[in-house]
Amino acid sequence: MMRIGLIPLDERPANTRDPALIAAAAGVTLVLPPSHLLSRQRQPADCAGLAAWLEGVAPTLDGVVVACEQLSYGGLIAARISDEPAETVIQRLAVARRLRQRFPRLTIYGFSVITRVSNANDAVEEPLYWATYGEAIYRWSQALDQAQQGKVSVKLLAEAQQQVPADLRHDVLRRRLRNHLFNLAALHLLNDGVFDLLVLSSDDTSPFGLPSREKRWLDSWAGLLPACERLLMYPGADEVGSVLVMRMALARTGLQPVVTVQYAPAADRHNVAAFEDGPVTLTVERQLAAAGCRLAAAAEEADLWLGVNAPVARRAEWNPIDGPREQQIRYAAVRELVWQAAAAMRAGQTVALADVAYPNGADPLLIGLMAAQLELPKLAAYGGWNTAGNTIGGVIAQACAGLLGGEQHRIAQERLLLHRLVEDYGYQHLARRELRQWLQAAYGQPELTAELIPLAAARVEQSLNNTIATLPGFASRWQLLPGSVTFPWQRTFEVDFTLQYCAEEGR
């Protein structure tokens, strides 16, 4: 069995559990570092311990996927908030060069993130001053880039700049310079042949801003280097580990899946999703390329049929005010997409659905039509979480896992599919909203505290089991392992749980 090592971007389930579930569905053994070496939200990882672990386990691996932030900064958040100098974090990348020298046949993929500029007065994942100045910093970042491109006046830039204290502006730029030097160092490793592939992804991006400016700088260097054909740059973060694990597995088997794509509504394929910098068609093309797949030519027979529930123009989460109106407008097109998916399944094709109408949760219109029209357990993949890039990359990785694993790993594939349905619809769309309303009504706040977590977990467990009971083909066969619901960062945004196959218990 193929063995692939992964140093994840951080310790959250999206970066650890998801790639493990996807690897299991493909029949691949994923080797993760011991959890005590990884980051813990704002507490950085044991970087020296990770390097030692990587060098120790490398002889047993066919390949390794390395999140450079975890290895060098100690995690994604540490890359944003730590004060270590550039030379310190760059030096920690040297372990990759040692691996290449010691194990020249080991496949090494690296990925690094172009630091975001979050548009929220929220410091959970940012420097502490973001709680007060986050939205102002975002506007200043946008204005800086727009002014440089002649899109706004110097006066508007000055007005945006005045909203952020000078010392904080300097700190933002100091951290961005360090991030840029770090990404240049990763590019240098690619150029030297240390990395077989490098992904420089951009987290929560937009067409303008300091991150977009940094991408242009990096892209200009990449265009000058012969290694540019092994460099991928696109919006993404939490899905990259899963996608690269599947790319590595596909490459080692010599398989390059051919994919045909359908969008609904068709005109909305030109929409730019929230946190993306181009139309959703470009997002799909980038994620297919990252996974090692290619788009089918006009009349070419495809290995995978991918349906995309395209982004609504509003570029925001579903809500009970706009959602019903949007459903009326989109109903016929989404119904037709599901009918096409059903026809493709009846014809024996591998079928996947990427639900990116809304960020951070499923579209209830699509879920209802899927439950009514599809034999859900036979669907190869579904996703509707976080950004469009997260979802589309994750769905492609799931579907590729099914192509690799075949019927031999059917239960693992079903577990993966149900996990996405339960998390993206049952939690992100249903339970999370209800949980926050309950917290506000009962305790005067919409977020968790340490004391409230056990009560919230029990409430969510019941809700998610209720969701499973509404999904044809899964009800009575699966349930949550009792007591398995957790909130990885002690907030309502993320959830984790374990699914239990009831047939294994003789039920």
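These exercises look at charged pairs and cysteines in a predicted model. Local features need pLDDT of at least 70 and side-chain atom pairs count only at pLDDT 80 or more, while totals for chains, interfaces and linings use all residues. Residues are numbered from 1 along each chain as its sequence is written, and side-chain values use heavy atoms, with hydrogens and water left out.

**Exercise 1.** Find how R80 and E125 meet, and where they sit.

*Solution.* Start with the rule: a salt bridge is a side-chain nitrogen of Lys or Arg within 4 Å of a carboxyl oxygen of Asp or Glu. R80 and E125 form one, at 3.1 Å from N to O. Next, place them: R80 lies in helix α4 (residues 76–81), and E125 in the loop between β4 (107–114) and α7 (130–148). The two are 45 residues apart. Helices (H or I, at least four residues) and strands (E, at least two) are DSSP runs, numbered from the N terminus.

**Exercise 2.** Decide whether R116 and R314 are buried or partly exposed.

*Solution.* Buried means under 20% relative accessible area, exposed over 50%, partly exposed in between (1.4 Å probe, protein chains only). R116 is buried. R314 has 28% relative accessibility, so it counts as partly exposed. R314 pairs with D322 in a salt bridge, with closest N and O atoms 3.8 Å apart.

**Exercise 3.** Explain why C400 and C293 form no bond.

*Solution.* A disulfide is a pair of cysteine sulfur atoms within 2.5 Å. The sulfur of C400 is 3.5 Å from that of C293, its closest, so the gap is too far for a bond. C400 is buried, at 0% relative accessible area. The disulfide count is zero.
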